[in-house]
Amino acid sequence: MSLDRSEVEKIAHLARLQINESDIPEYADNLNNILALVDQMQQVDTSAVEPMANPLDAVQRLRPDAVTETNQRETLQANAPATEDGLFLVPKVIE
């Protein structure tokens with residue numbers, strides 16, 4: 001895929017970018033290089049590559065799932081303008 005002058009101008013308009021007329025060929029070359037790199041990367045066979053969550057094989061330290069605070073629902077809801085069955089009631093904003 002190769003971008004020409006009119007396509008670069010259209011992309012700049014859609015991105016709300018103002019570029020000088022003299023800079024359009026340079027932008028076109030840069031965008032074409034990026035698209036060529038993407039095409040090259042898409043040709044790589046990754047079917048045998050296992051997806052990674054972290055490139056450094058790092059693991060996240062987990063803490064035990066235990067309650068560490070006391071239930072303060074009544075205290076916190078005492079200042080609420082409206083509550084029902086232990087829930088905060090809020091005004092309806094979408095009809």
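Let me begin with confidence: the chain has a mean pLDDT of 91, and 99% of its residues reach 70 or more, and I should say at once that what you are looking at is a predicted model. Among the elements of the chain, helix α2, which covers residues 24-42, has the highest mean pLDDT, at 95, while α3 has the lowest, at 93.

Turning to the overall architecture, the chain holds 3 helices and 2 strands, and if you follow these elements from the N terminus on, they run α-α-α-β-β. The radius of gyration is 28 Å, whereas the globule rule gives 12 Å for 95 residues, and because the value for this chain is well over that figure, the chain is more spread out than a compact globule. Along its principal axes, the C-alpha trace spans about 65 × 45 × 25 Å.

How much of the chain, then, counts as buried? Of the 95 residues, 8% do. The chain exposes about 9,500 Å², and carbon and sulfur atoms supply 54% of that area. As for contacts, if we take those in the chain with a separation of 6 or more, residues 24 or more positions apart account for 25% of them. On the charges, the chain carries 7 positive and 17 negative ones, and the mean positions of these two sets are 8 Å apart.

Let me now go through some individual residues, starting with Gln77, which has its place in helix α3, residues 73-77. Is Gln77 buried or exposed? Its relative accessibility is 13%, and since buried means under 20%, Gln77 counts as buried. If we leave aside its neighbours within four places in sequence, Gln77 is in contact with Thr83, Gly86, Leu87 and Phe88. For orientation among these partners, strand β1 is made up of residues 83-84 and strand β2 of residues 87-88.

The loop between those two strands is where Asp85 is placed, and this residue deserves a look at its backbone, as it has a positive phi of about 55° although it is not a glycine. Asp85 has a relative accessibility of 71%, and therefore counts as exposed.

A second residue to examine in the same way is Arg16, which sits in the loop between α1, residues 5-14, and α2. Arg16, which is not a glycine either, has a positive phi of about 55°, and with a relative accessibility of 64% it counts as exposed.

Within helix α2 itself, I would point to Asn33, whose relative accessibility of 52% makes it count as exposed. Where does Asn33 lie with respect to Ser2, which is 31 residues apart from it along the chain? The C-alpha atoms of Asn33 and Ser2 are separated by 9.0 Å.

Finally, in the segment after β2 we find Val93, which at 74% relative accessibility counts as exposed. Val93 and Asp4 are 89 residues apart along the chain, and their C-alpha atoms are separated by 48 Å.

To draw this together, what we have is a predicted model of a chain that is more spread out than a compact globule, as its radius of gyration of 28 Å shows, and in which 8% of the residues count as buried. Gln77, in helix α3, is one of the buried residues, whereas Asp85, in the loop between β1 and β2, counts as exposed.

Key:
Residues numbered from 1 in each chain as written. Predicted model: local features only at pLDDT ≥ 70, side-chain atom pairs only at ≥ 80, totals over all residues. Heavy atoms only, no water. Helix = DSSP H or I, 4+ residues; strand = E, 2+ residues; numbered from the N terminus. Rg over C-alpha atoms; globule rule 2.2 N^0.38 Å. Buried < 20%, exposed > 50% of the residue type's maximum accessible area, 1.4 Å probe, protein only. Contact = heavy atoms within 4.5 Å. Areas by Shrake-Rupley, 256 points an atom, 1.4 Å probe, with all protein chains shown as cover. Lys, Arg positive; Asp, Glu negative; His and termini not counted. Charge placed at Lys NZ, Arg CZ, Asp CG, Glu CD. pLDDT = per-residue confidence, 0-100.
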